[in-house]
Structures are given as C-alpha cells and as structure tokens.
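Reader: I have a structure to read and a list of terms I do not trust yet. Can we take them one by one?

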Amino acid sequence: VSGDRLFIGGSSITAVSLATGSVIEDWRGSQNINGGVYAMVATETTLFVGGTFAVSENGPPSLAALSVHDGTRVSTWAPQLGSYQAGARPEVHSLVLSASRDSLYVGGWFSSVNDKPAQNIAALFATGDGNLQPDWIEDRGNTRPSPITSLAVTDKAIFYGSSLSYSHHAGAMRLNGQSLSWIPTDARVHVVAASGDDVFIG
C-alpha cells in the first residue's frame with residue numbers, strides 16, 4: 001500500500017484504488033514487469049518489486065523499482081543480481097525496508113549484487129543506484145537456506161526463513177550481514193515477523 005493505492009502481485013502486477021476497489025487503468029507497471037511477482041514493498045514514491053520477472057528496456061531481471069504514481073520504471077535504480085547457474089534467472093522472494101527507509105533488504109536465490117558476493121540476502125540502498133551497502137559482510141561461515149522466502153528486520157538484526165530449503169530453515173544476522181547464533185527450528189519456515197525483542201516464525 002502507498003497512499004490511496006493497493007498494489008497486487010502474482011503472475012503480473014496491478015494497482016487498485018483503496019477507495020473504490022477499481023483497477024487504476026493508467027498505472028503502467030505491468031508494461032515494465034513481465035513474469036512472476038513474489039514480493040513488494042512501497043514508500044511514498046517508489047514501489048520495489050521482486051520475483052522472477054523480466055524488466056523493460058533490458059533492465060536487470062527479478063528486482064525493480066517503479067513509480068507508485070504511474071508505474072514507470074525507475075531506471076537509475078538497477079541492482080544486478082547474480083545467479084548460481086549460468087542462464088538461470090535469480091529469484092527474489094522477500095523485500096523489507098529499514099525503519100529509516102534508506103535500506104532495502106532482499107531475500108531470495110542469488111549469489112551476488114553487481115558482482116559483489118551476497119548469498120541469498122543483501123542490504124541495498126533504497127535510493128540512488130540501489131547498490132550493495134558498503135559495510136555488507138559476506139559471511140560464508142553461515143550456510144544460508146536457498147532460497148530465502150521470508151525476512152524480518154529490527155534495528156539490530158535480520159531474521160530469515162525458508163519454506164523451500166531442504167535444511168537450515170531459519171537464522172539471523174547483524175544488519176551488516178555478520179552471522180548470529182540463532183537457529184530456532186529445523187522445520188520449514190513460511191513466515192518471519194518481529195516486534196520489539198520478539199521474533200515470530202510460522
């Protein structure tokens with residue numbers, strides 16, 4: 001939701017008026033995104049979209065920023081996610097903004113951001129070019145599930161879960177990517193949420 005608009009993803013992407021429930025026909029997001037949309041989060045001006053889609057104008061796939069007002073692509077914000085397999089498209093399953101809304105946390109199935117190592121989770125700038133945060137640590141000591149399907153972020157940590165991985169279904173790290181010793185369950189995790197000092201998994 002952003003302002004008076006609700007955004008709906010799935011096989012495509014649509015903007016709906018909260019007041020009337022009607023599709024906003026002149027919102028052109030679906031013209032810029034072609035494929036599955038799995039995650040969205042919005043600011044007052046920008047809708048961040050993740051999934052397994054192609055992007056207009058040969059933009060980097062699976063992660064994009066659109067104007068909440070008319071659906072045009074913010075072409076200056078264009079992080080390139082790397083894939084583990086040649087020819088395979090990276091996947092984005094979860095997007096969370098920091099409380100200050102200057103950082104975007106991305107979870108999914110990818111190996112890098114703009115050729116810098118980032119295993120399935122990354123912290124990006126939510127403005128500018130969307131590059132990887134400069135203090136991000138790629139802590140290979142923690143084998144993360146693939147793909148990450150759920151994220152929750154507090155002012156101190158990132159909590160993550162996976163409903164698709166065969167092992168290691170949940171964990172936590174500092175905001176710079178450094179691993180924490182937090183493994184609450186061996187069961188598959190579909191959703192993670194945080195409130196204050198409490199973390200909820202389901």
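Reader: How many bridges join strand S5 to S7, and which way do the two strands run?

Author: Five bridges join S5, residues 46-51, to S7, and the two run antiparallel. One pair to look at is Gly50, which stands opposite Leu63 in S7. A word on the source first: this is a predicted model, where local features need pLDDT of at least 70, side-chain atom pairs count only at pLDDT 80 or more, and totals for chains, interfaces and linings use all residues. Residues are numbered from 1 along each chain as its sequence is written, and side-chain values use heavy atoms, with hydrogens and water left out.

Reader: What makes S5 and S7 a pair of strands?

Author: Strands are DSSP runs of E with at least two residues, numbered from the N terminus. Two strands pair if DSSP finds at least two bridges between them. S5 and S7 have five bridges, so they pair by that rule.

Reader: What is the strand order in the open sheet of three strands?

Author: The order is S4-S5-S7, with antiparallel pairing. S4 and S7 are the edge strands, since each pairs on one side only.

Reader: Which strands stand at the edges of the open sheet of four strands, and why is one side of each left without a neighbour?

Author: That sheet has the order S14-S15-S16-S17, with antiparallel pairing. Strand S14 (150-153) and strand S17 (179-180) stand at its edges, each with a single partner strand, so one side of each has no neighbour in the sheet. Four bridges join S14 to S15. In S15, Phe159 is the bridge partner of Ala152.

Reader: Why is Ala86 called exposed?

Author: Exposed means over 50% relative accessible area, buried means under 20%, and partly exposed lies in between (1.4 Å probe, protein chains only). Ala86 has 85%, so Ala86 is exposed. Its place is in the loop between strand S8 (81-82) and S9.

Reader: Why does Arg101 count as partly exposed?

Author: Arg101 has 37% relative accessibility. That value falls between the two cut-offs, so Arg101 is partly exposed. Arg101 also takes a positive phi near 65° in the hairpin of S9 and S10, which has five residues between the strands.

Reader: What makes the contact of Glu44 and Arg101 a salt bridge?

Author: A salt bridge is a side-chain nitrogen of Lys or Arg within 4 Å of a carboxyl oxygen of Asp or Glu. For Glu44 and Arg101 the N to O distance is 3.8 Å, so the pair passes. Glu44 lies in the loop between S4 and S5 and Arg101 in the loop between S9 and S10, so the salt bridge ties together parts that are 57 residues apart in sequence.

Reader: How many salt bridges does the rule give?

Author: The count is three. Asp4 and Arg5 form one of them, with the closest N and O atoms 3.9 Å apart. Asp4 is exposed at 53%, whereas Arg5 is buried at 19%. Arg73 and Glu57 also meet in a salt bridge, at 3.5 Å, N to O. Arg73 lies in the loop between S7 and S8 and Glu57 in the loop between strand S6 (54-55) and S7, so this pair ties together parts that are 16 residues apart in sequence. Arg73 is buried at 17%, and Glu57 is exposed at 63%.

Reader: How do you know that S10 is mostly covered?

Author: Seven of its seven residues are buried. Ser103, Tyr105, Gly107 and Trp109 point one way from S10, while Leu104, Val106 and Gly108 point the other way. In a regular strand the side chains alternate between the two faces of the sheet.

Reader: Which strands pair with S10 over six bridges and over five bridges?

Author: S9 pairs with S10 over six bridges, in the antiparallel sense. Leu97 stands opposite Leu104 in S10. S13 pairs with S10 over five bridges, also antiparallel. In S13, Ile121 is the bridge partner of Gly107.

Reader: Which members of the largest nonpolar core touch the most other members?

Author: They are Phe48, Leu95 and Leu104, in a core of 29 residues. A nonpolar core is a set of buried Ala, Val, Leu, Ile, Met, Phe, Trp, Tyr and Cys residues joined through side-chain atoms within 4.5 Å. A second, separate core of 15 residues includes Phe7, Val37, Ala42 and Val68.
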